[in-house]
Amino acid sequence: MDVSKLLAGRTAYMRSSEIRELLKWVTADVISFGGGMPDPSTFPTEDIAKITAYVLETYGGKALQYGPTDGVPELKEELAKFAESNGIKASSDNIIVTVGSQEALELLGRLFLDESSVVITENPTYIAALQSWRVYRPRLVGIPMDDHGMRTDVLEEQVKRLRAEGAKIKFIYTVPTAQNPTGVTLPDERRRHLLEVAERYDLLVVEDDPYGYFIFDNTVVTRLKAMDKSGRVIYLSTASKIFSPGLRLGWVIAEPEIIRWFALGKQALNLNTPTLNQYMLAEGLRRGVIQRNIPNIVSLYKRKRDAMLAALETYMPKGVAWTRPSGGMFIWVRVPEKIDTKEMLQDAVTKYKVAYVPGHGFFVDENPPRNTMRLNFTYSSFEQIDEGIRRLANAIKERI
Ligand SMILES: Cc1ncc(COP(=O)(O)O)c(C=O)c1O
């Protein structure tokens with residue numbers, strides 16, 4: 001049967017992620033810098049086993065039952081304390097627990113976007129946010145970046161211009177710390193500028209913060225939400241990189257009115273985030289498992305970043321440039337313009353046995369730059385990092 005005739009018009013705007021597409025070529029002998037996966041050694045497996053037994057013993061049927069749409073109260077209380085330790089003041093009324101941050105991104109689309117909407121993002125930006133939102137047909141306006149993140153001077157000009165046109169700007173979306181895909185971090189001065197612009201033009205800001213826990217160098221960052229004086233920042237974070245991505249747990253911190261809208265949207269999606277997993281995260285936070293784990297993850301990922309930077313320095317030919325991330329999980333690479341990284345990928349995977357994500361899909365542009373790629377440095381072992389970058393350099397050299 002030909003299902004395509006029956007599909008809704010909006011499916012035309014559903015694009016498969018490049019990251020998921022490339023997985024079909026990745027075999028066991030391929031070194032993958034593709035997905036944004038944590039090093040599995042950072043999962044506190046033994047603690048999670050103990051916590052699961054404890055939760056089932058303590059909460060029994062309650063942990064296996066449906067739960068409130070906005071999250072179990074025990075977790076929301078722990079999340080409020082955790083947020084406070086990261087400089088953000090919040091109470092349970094400001095929090096909703098989601099199925100990873102991905103669900104929060106989807107809910108943002110459902111709640112705020114339609115064809116007349118404008119969303120302002122960093123350019124490039126997180127591919128799966130674009131995937132969620134494109135279905136709602138907003139106009140996506142990308143702000144260029146440099147080594148210090150979003151160019152807030154350009155942001156200000158763009159907002160002014162869009163306002164003069166009468167555009168309905170719904171929010172500014174930013175991953176200000178150790179951005180996905182570039183790895184760069186917005187300094188506090190630019191954070192203040194971004195908020196000033198939002199204040200002046202009365203705009204909402206979405207701060208997506210999976211990586212704020214992983215700052216390797218002496219950079220000090222203040223979350224935008226911690227600087228937010230007028231309740232205009234919608235803050236997203238996740239347990240994926242500090243506990244386990246398989247548990248699919250994220251949360252939103254925002255004004256109670258916004259949280260109520262998220263809850264209404266979520267009711268139709270999945271009623272509630274898995275209850276057992278929420279109790280597990282609550283207990284992980286209460287016992288300090290996560291807080292103790294973070295410094296170990298930071299130390300491991302810093303060494304892995306350094307290993308990848310060193311390998312890039314050793315093997316890459318002239319004409320290849322890359323970012324030096326002060327945190328997070330990714331390095332962004334620019335190869336000579338004549339190389340199309342999407343075109344090169346099949347060869348890289350099948351002949352050179354190394355995978356990466358071509359940069360094209362991270363841009364909001366119809367015709368994005370074709371010579372960029374994102375490399376993940378957290379998942380592979382130290383040996384794989386060195387060998388994988390050597391292979392990648394050979395794939396690039398063949399095309400120069
Ligand atoms: C910027 C950003 N936002 C959101 C997510 C989604 O994470 P999750 O749904 O696992 O919480 C990720 C994951 O890589 C990310 O990098």
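Which residue in E11 is the bridge partner of Trp322? It's Val333, and the close-ups below, all taken from a predicted model, start with the sheet where this pair sits.

**View 1. A four-stranded open sheet with antiparallel pairing.** Read across the sheet and you get the order E10-E11-E14-E13. Strand E10 (321–322) and strand E13 (357–358) are the edge strands, so-called since each pairs on one side only. Look at E10 next to strand E11 (residues 330–334): the two pair in the antiparallel sense over two bridges. Find Trp322, then hop across to its bridge partner, Val333 in E11.

**View 2. Helix H12 lying across the sheet.** H12 takes in residues 289–315 and lies across E10, E11 and strand E14 (372–376). Compare its direction with that of E11 and you'll find an angle of about 15 degrees.

**View 3. Helix H8, from end to end.** H8 covers residues 188–200, which makes 13 residues. At 1.5 Å a residue the helix should span 18 Å, and its end C-alpha atoms are indeed 18 Å apart, so the expected and modelled spans agree. Its buried residues are Asp188, Arg190, Arg191, His193, Leu194, Leu195, Val197 and Ala198. As background for reading that list, an α-helix has 3.6 residues a turn, so residues three or four places apart point the same way. After H8 comes Asp202, which has a positive phi, near 55 degrees.

**View 4. The ligand and the residues around it.** There are 13 residues around the ligand, and Ser101, Asp208, Tyr211, Thr238 and Ser240 come nearest. Now zoom in on some polar atoms. Gln102 places a polar backbone atom 3.0 Å from an oxygen atom of the ligand. With Lys241, a polar side-chain atom is the one to look for, 2.9 Å from a ligand oxygen. Arg248 also has a polar side-chain atom by a ligand oxygen, at 2.8 Å.

**View 5. Lys225, a lysine in helix H9.** H9 is made up of residues 224–227. Is Lys225 buried or exposed? Its relative accessible area is 11%, and buried means under 20%, so Lys225 counts as buried. Its side chain and that of Asp228 are joined by a polar contact of 3.0 Å. Leaving aside residues up to four places away in sequence, Lys225 touches Ile88, Glu207, Val233, Tyr235, Ile253 and Ala254.

Conventions: Residues are numbered from 1 along each chain as its sequence is written. This is a predicted model: local features need pLDDT of at least 70, side-chain atom pairs count only at pLDDT 80 or more; totals for chains, interfaces and linings use all residues. Side-chain values use heavy atoms; hydrogens and water are left out. Two strands pair if DSSP finds at least two bridges between them. Contact means heavy atoms within 4.5 Å. Axes are lines fitted to C-alpha atoms, for helices over the stretch in contact, and angles run from 0 to 180 degrees between N-to-C directions. The expected span of a helix is 1.5 Å times one less than its number of residues. Buried means under 20% relative accessible area, exposed over 50%, partly exposed in between (1.4 Å probe, protein chains only). A residue is near a molecule or strand if one of its heavy atoms lies within 4 Å of it. A polar contact is a pair of N or O atoms within 3.5 Å; within protein, one must be able to donate a hydrogen and the other to accept it, and residues adjacent in sequence count only if both atoms are side-chain atoms.
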